[in-house]
Amino acid sequence: MLIQSTSPSLKNIRDKVEAGKRLSLDDGLLLSDEKTPLHEVGALANFVRERKNGNYAYYNINTHLNATNICVYRCTFCAFRSDLREAKGYAMDDAQVIARGQEAVDNGCTELHIVGGLHHQRKYEWYLELVRLLHTNFPDLHLKAWTAVEINWFEFLTKKSVRTILEEMREAGMGSMPGGGAEIFHPEVRSRICEHKADASKWFEVHRTAHQMGVKTNCTMLYGHIENAYHRIDHLIRLRELQDETNGFQVFIPLAFHPENTGLSHIKKPSSLMDLRVMAVSRLMLDNIPHMKAYWIMLGIGTAQAALAYGADDLDGTVRHELIYHDAGATTPELLTVDQIRRLIVEAGREPVERDTVYNRIERDPANPSKWFLGEPITVGA
Ligand code: V47
Ligand code: SF4
């Protein structure tokens, strides 16, 4: 027996995990059951995490850019969106976009994380030219831009195909895509939290097309609201199926629901124990996705550190200008310094590795840390 675990009910799952075999829907439900000891689920996930990523824990140096918070949709879980006439509504102009890019470069960032609202008065060209403006001025900054929901909105605006839009975005400078907009795919839940936006089949069409073009993407799941364990496992299995087909997802990020200032503010934020269980079950079910991100902004620092022993191998970035979670009540800091994020990883018993957006190792010149270059390839695991 490789994995220390005592529950007889987990024997079958333990055998499968040790043999690298795929877990079923029923396995996922058993692992999600609160009666199944969390530390044993964690030990199984940690086994897989170390098999895939050794002792490494990745981070990057990044900045967020939410070009607008004005949005045609009204997802019930969202505190970030605004109407045009509300005082908090904004849309960045070119000078603000350039200033954000310059600040990123000055701070040694390798990535800009770009997501936002769907502004009914902005044309597709505004979104496209924003990418081009950033890429022209800061060609070394990787632009991780637009969720599948935004691409679907551009489709509606232009009547162009998903492929044409992605080709135009790539030509303008988009490097990869974030995983947002996935929420919960099952229609029983999706119809109640984000009725009008891209449905599951559209979300998958956008990611499949990106993967077929060689564009790497991330994937997410928003949990801890009105969904149940069945909806979560169904969601993970759908992601696993596309990954079997395309191998284009690089990391999964479970997103813990933050209720403040949302239409679901009566629901309590998920507990740290639920956060750890969702992370561990995700690691176990998504056997074909290389990385699991414990997004510290959302989990809180302590839970994110603990998650590095429950399946996660990535903490996301140093982050600047995060709005989506802070609008919804996150109490985490606005940013971490490189020293802080590395120390958190070391304190959790892991080896920090700076990566770029697509998981190349990054090295820095100690005399001039804002200067970076690609390091040796990262080679671990199955
Ligand atoms: O789709 C919005 C989520 C997503 C709330 O790819 C909320 O590395 C919890 O795409 N409580 C957008 N979640 C953010 C996103 C993302 C985030 C982190 C990493 C990556 C990546 C991508 O944010 C939305 C939705 O699922 N969200 N409001 C809320 N109140
Ligand atoms: Fe708009 Fe995105 Fe918020 Fe939904 S989650 S309301 S699409 S900004």
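## Around the ligand

Let's start with the company that ligand 1 keeps: sorted by class, its shell has 13 nonpolar, eight polar and one charged residues. Keep in mind that this is a predicted model. The shell comes to 22 residues, and the closest ones are Pro-178, Gly-180, Asn-218, His-258 and Ala-328.

Which strands each supply at least two residues of this shell? They are S6, covering 217–223, and S7, covering 249–256. S6 gives the most, with three residues.

## The nonpolar core

Now for the inside. In soluble globular proteins, nonpolar side chains tend to be buried together. Here, the largest nonpolar core has 111 residues. The ones with the most contacts inside it are Phe-252, Met-279, Leu-284, Ala-294, Ala-307, Tyr-310 and Leu-315. Helix H11, residues 272–285, brings the largest share of this core, with seven residues.

Take Met-279 as an example. What is Met-279 in contact with, leaving aside its neighbours within four places in sequence? The list is Pro-254, Met-292, Ala-294, Ala-307, Tyr-310, Gly-311 and Ala-312.

## Two helices that cross

Two packed helices are described by the angle between their axes and the distance between the axes. Try that on helix H6 (residues 148–158) and helix H9 (residues 200–212): they pack at an angle of about 95 degrees, and their axes are 9 Å apart. Angles of 65 to 115 degrees count as roughly perpendicular, so H6 is roughly perpendicular to H9.

Who actually meets whom? On the H6 side you'll find Ala-148, Ile-151 and Asn-152, and on the H9 side Lys-202, Trp-203, Val-206 and His-207. By class, that contact has four nonpolar, two polar and one charged residues.

## Two loop residues with positive phi

Finally, have a look at a pair of loop residues. His-321 isn't a glycine, yet its phi is positive, at about 65 degrees. You can spot His-321 in the loop between strand S9 (314–317) and helix H14 (324–327). Is His-321 buried or partly exposed? Buried would take 20 or more other C-beta atoms within 10 Å, and exposed 12 or fewer; His-321 has 15, so it is partly exposed.

Tyr-359 is another residue other than glycine with a positive phi, near 65 degrees. This one is in the loop between strand S10 (351–354) and strand S11 (362–365). Tyr-359 has 17 C-beta neighbours inside 10 Å, so it counts as partly exposed.

Terms used. Residues are numbered from 1 along each chain as its sequence is written. Chains are lettered from A and ligands numbered from 1 in the order in which they are written. This is a predicted model: local features need pLDDT of at least 70, side-chain atom pairs count only at pLDDT 80 or more; totals for chains, interfaces and linings use all residues. Axes are lines fitted to C-alpha atoms, for helices over the stretch in contact, and angles run from 0 to 180 degrees between N-to-C directions. Helices (H or I, at least four residues) and strands (E, at least two) are DSSP runs, numbered from the N terminus. Angles under 35 degrees count as roughly parallel, over 145 as roughly antiparallel, 65 to 115 as roughly perpendicular and the rest as oblique. Two residues are in contact if their C-beta atoms, placed from the backbone, lie within 7 Å. Ala, Val, Leu, Ile, Met, Phe, Trp, Tyr, Cys and Pro count as nonpolar, Asp, Glu, Lys and Arg as charged, and the others, Gly among them, as polar. A residue is near a molecule or strand if its C-beta atom, placed from the backbone, lies within 6 Å of it. A nonpolar core is a set of buried Ala, Val, Leu, Ile, Met, Phe, Trp, Tyr and Cys residues joined through C-beta atoms within 7 Å.
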